Amino acid sequence: MSDVTRLFDFPYYQQKTYNLEKAFTSKYNGKWESISSQEYIDKANTISRALLKLGVQKNDKIAVISTNNRTEWNLMDIGVLQIGAQNIPIYPTISAEDYEYVINHSESIYCFVSDEEVLHKINKIKANTKLKEVYAFDRIEGCKHYSELFELGEDTSNQDEVEALKNAVTPEDIATIIYTSGTTGTPKGVMLSHRNLVSNVLDSEKRVPFDYGKSRSLSFLPVCHVFERMILYLYQYCGVEIYFAESIEKMSDNLKEVKPNVMTAVPRLYEKVYDKIVAKGTELSGIKKALFFWAIDLGLKYEPYGKNGWWYEQQLKIARKLIFSKWKEGLGGQLDLMVSGSAPLQSRLTRVFAAAGMPIMEGYGLTETSPVISVNDQRNNGFKIGTVGKVIDNVEVKIAEDGEILVKGPNVMLGYYKDPEKTAEVLSDNYFHTGDKGEVDSEGFLKITGRKKEMFKTSGGKYIIPTLLEGKLKQSRFIEQAMVIGEGEKMPAAIIQPNFEFIQDWIDRKNKQVGKSESEIATSEIIIERIQKEVNSCNSDFGKWEQIKRFELTPDIWSIDAGHLTPTMKMKRKIIKEKYKDLYDKIYDYNK
């Protein structure tokens, strides 16, 4: 383990320990193309040599913006880090104005983009930045191709300089600045050192069971997000072959082609996978349909470690053979482990997928903690439904008097770039203040109970935790997004984005006389009545003061591009409230 103290040590460790033939695999023009551990190192060194010839120096910033995960991103990452420069990953989906802010705030001098769409946004603002040049991974007319770096770095005469710079990089040096997709205000640049990320990889590795040197993974969560980036380093450390999914739309095909043993995702994707499986089940008839829903009912009662007793386990064996094996086949047939992060995972999904033999191990963390703080692990009784697992080694969690989760450890960021005031706000008394509320149970499992700032009071003085209500509402297949409102108002209410795709299928199946456009669905009395049933079901789990008294449906889809959501799919509450002011006013009768 002492072999790895900086991020660029991972490829060398992988080459020495596993020497994979297929370290990274991406699809180009319909064909999967792989590079070996040795090629990974050779190409990264070539990039390092080229960057030095372009005048890049220690602590210079290089921006990388890629619409999809691909081999090139990782080559650039190591090539940049080896010479003591910093990789500035940028979310591809943010606006051109946000690109400008991040590039200027980070003082990036070169930018690498994946495709024409990203290049178009960069070209809009390039003149307002200090960028010397933009390179593209795709071949785009009028833009330099990143293969020019391989021509420039082909001459190995300055490899000694690369080695000297590499040796000079310490674990405490900044490796990357990741700009968080804040739900309010401008993004904050989280400074993470090599030690922050390396320690998180090594301490998380003990919780993830791999067949070292033989496992295969499918990666599609944005690598600009610290969760997927850390996971990619973890895969490298454990000798896991990494395949990059082409896109979210092609996930289903890629799962069948790659047959991965492990993948990571956010809860929304697992929800969509589950909803599609259930939708197919509803199309069955007779005994097949009865068996399908018997298996689901069984799965929803799942408890790990045989806690439900012998008879339950016998039934589960039958359900796995008859029903759940087909689920697994649909996801490639080899999927033994899924990891979830970034947002709370519904317990019903944890239960059903574990029952199906594809357990989802939920974890918890933030960009500022590199990111993992805790994670479930099926081994050694380390898996508990409804929790985010036990805290990883070398990390300490303390629950403050007001319930806030405080964290200390080698994974905690150096601070926010050029922002000592905001840094001081969250780093005090040697602890990082997460802004999340939680509790640690008697067995050492951490449970998230809400978000400190998102809790609000109604005018009657009652506290509401919106995230709990929202999580319950989103369990409905009729509801895609939900935002609970009511701060300072007489009652809690909700603004809901219907699941248009599901509802359109439902209209066909039930032969309902309803228009199928988004605006027709949002105003249909039939749909409103049906969603009221879902809201009533949600309300039954909450106290009278917490229950959703009224709701309104939005006639459009909430998206990153339209500004409803951050790149990590979190709701921008203030913006959503402003966008639907008419619905808000209607709920609280402000127009009367």
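Which handedness has the β-α-β unit that β10, helix α9 and β11 make? In this predicted model, the unit formed by strand β10, helix α9 (residues 226-238) and strand β11 is right-handed.

The two strands of the unit, β10 (residues 216-219) and β11 (residues 241-244), run parallel and are joined by four bridges. Strand β10 also pairs with strand β12 (residues 262-265), again in the parallel sense, and this pairing extends over two bridges. Leu-218 takes part in both pairings, since its bridge partner in β11 is Tyr-243, while its bridge partner in β12 is Met-263.

Helix α9 also contributes to the nonpolar interior, giving ten residues to the largest nonpolar core, the most of any element. This core comprises 121 residues, among which Phe-112, Tyr-146, Phe-324 and Trp-327 touch the most other members. When residues up to four places away in sequence are left out of the count, Phe-112 touches Ile-62, Ala-63, Val-64, Ile-65 and Met-76, together with Tyr-135, Phe-137, Tyr-146 and Leu-149. Tyr-146 is thus a contact of Phe-112, and Tyr-146 is itself listed with Phe-112 among the residues that touch the most other core members. In soluble globular proteins, nonpolar side chains tend to be buried together.

With regard to the cysteines, the structure holds zero disulfides. Cys-238 counts as buried because its relative accessibility is 0%, below the cut-off of 20%. Cys-538 likewise counts as buried, because its relative accessibility of 2% also lies under 20%.

Definitions and conventions: Residues are numbered from 1 along each chain as its sequence is written. This is a predicted model: local features need pLDDT of at least 70, side-chain atom pairs count only at pLDDT 80 or more; totals for chains, interfaces and linings use all residues. Side-chain values use heavy atoms; hydrogens and water are left out. Two strands pair if DSSP finds at least two bridges between them. A crossover is right-handed if, with the strands pointing away from the viewer, the path from the first strand over the helix to the second runs clockwise. A disulfide is a pair of cysteine sulfur atoms within 2.5 Å. Buried means under 20% relative accessible area, exposed over 50%, partly exposed in between (1.4 Å probe, protein chains only). A nonpolar core is a set of buried Ala, Val, Leu, Ile, Met, Phe, Trp, Tyr and Cys residues joined through side-chain atoms within 4.5 Å. Contact means heavy atoms within 4.5 Å.
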